[in-house]
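Trainee: Could you take me through this structure step by step, with the reasoning behind each answer?

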Amino acid sequence: QATHVQKVPRDRIVQLGVPRFESYFDDRQTTPTAHIHSFNRIPEGKKVILYATTSMPFDDIQALKLLDQEISSAYPEYVILFRPHPGMQRRVGEVNATECGFRNVYIDQQLAGYYAARFTLQTGNYPSFDAPLDYYPALMKSVVGMICPPTTLSLEGALNGVPCLMICYGDGRNKWLSPDLVSQYENVEEVLQFPGVVPCYSETELLSCFQRIVECSKDDELRRRLVEATRYVVYRDEKPYGRRLSNLVDNLLVAEAP
C-alpha cells in the first residue's frame, strides 16, 4: 500500500504496529477471566462461543436461532455470548434477542443496557456506547470460539488463538455493506486465509461450519498457528507501542538536526 499506491520510498517506511491491540500483548491482566462467566451470568464449566455483531445491519437473530437449536441438541456444554456492536446502525425489522426464548444465548452485560435502549427509545435515534477497552483482553481469553460477520473483532480473537466462524453471506434484506460484500475486501480476505478462520458463504452451511469451529477450538496446535498468522497483519516486537513511537520521533529529530 505504501510503496505501490502512495509511492513512499521503502527506506522511509517504519512499522509501528497498532496501539488498539497493545493490551493483548500485556501480561498484566487487570480483569480475571473468571469474571466473564460471573459477570454475564454464565454457569461455571460452560464453554463460551462469542457471537459478535458489526455496526452494519444483518439478521443476527436468524443465525442465533439456528445455533441455539443446534447447541440444545448436540452441544450441551457450550453457550453463546451475544455481544451487540456498540455502534449498531438502524436495522429494518430488528428483533430483540432477549425476547426470543433462547436457551443457550446470553447477552453481554457490558452492553445489555445499551441494547435494551434500542427497543425502548421512541425517538428513533439509537444510542451509542463507548465500550471500555480493558474488558476485551479478559473476554478474548475466556471464549473458545467466535462467530461474526466480517469485523476487526475477528482479528482480535485471532491474536488470542480464538478460531472464528465468519459469516460471509447476506440476509437478503439489509443490503448495504452486507457480509457477502465486505468479505470480498482485501483486508478481510487476508484474515480468511488464517488457519482456524472458517468462512460461511450460505446460511445452509452455518451448522456444519459451527461444528468445524468447535473442533478447531480443541486443537491447541491450530490455535498456536492462528496466533502466529496474525503477525502478517499486526506488527509487534518486544517493545511497547509507545516506545516504538518515541524511538521514531527521536530518530527523526536527530536526522533533521543541523
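The exchange below goes from the sheet to a helix, then to salt bridges and a surface patch.

Mentor: This is a predicted model, in which local features need pLDDT of at least 70 and side-chain atom pairs count only at pLDDT 80 or more, while totals for chains, interfaces and linings use all residues. Residues are numbered from 1 along each chain as its sequence is written, and side-chain values use heavy atoms, with hydrogens and water left out.

Trainee: Which strands stand at the edges of the open sheet?

Mentor: Strands are DSSP runs of E with at least two residues, helices are runs of H or I with at least four, and both are numbered from the N terminus; two strands pair if DSSP finds at least two bridges between them. The six strands of the open sheet pair in parallel, in the order S3-S2-S1-S4-S5-S6. Each edge strand has a single partner, so one side of it is left without a neighbour in the sheet, and these strands are S3 (105-107) and S6 (197-200).

Trainee: How many of the eight residues of helix H4 are buried?

Mentor: Buried means under 20% relative accessible area, exposed means over 50%, and partly exposed lies in between, with a 1.4 Å probe and protein chains only. Among the buried residues of H4 are Tyr-135, Pro-137 and Ser-142. Helix H4 (residues 135-142) is largely enclosed by the rest of the structure, because the number of its residues that are buried is seven.

Trainee: Which residue forms a salt bridge with Asp-60?

Mentor: A salt bridge is a side-chain nitrogen of Lys or Arg within 4 Å of a carboxyl oxygen of Asp or Glu, and for this pair the closest N and O atoms are 2.9 Å apart. Asp-60 lies in helix H2 and its partner in the loop between S2 and S3, so the pair ties together parts that are 31 residues apart in sequence. Both residues are buried, and the partner of Asp-60 is Arg-91.

Trainee: What accessible area do Leu-245, Val-249 and Leu-253 have together?

Mentor: Patches are made of residues with over 30% relative accessible area and no salt bridge, joining like charges within 9 Å and nonpolar side chains (Val, Leu, Ile, Met, Phe, Trp, Tyr) within 5 Å. Val-249 lies in helix H10 (residues 241-256) and is partly exposed, with a relative accessible area of 39%. By the Shrake-Rupley method with a 1.4 Å probe, where for residues only the protein chains shown count as cover, the nonpolar patch on the surface formed by Leu-245, Val-249 and Leu-253 has an accessible area of about 250 Å².
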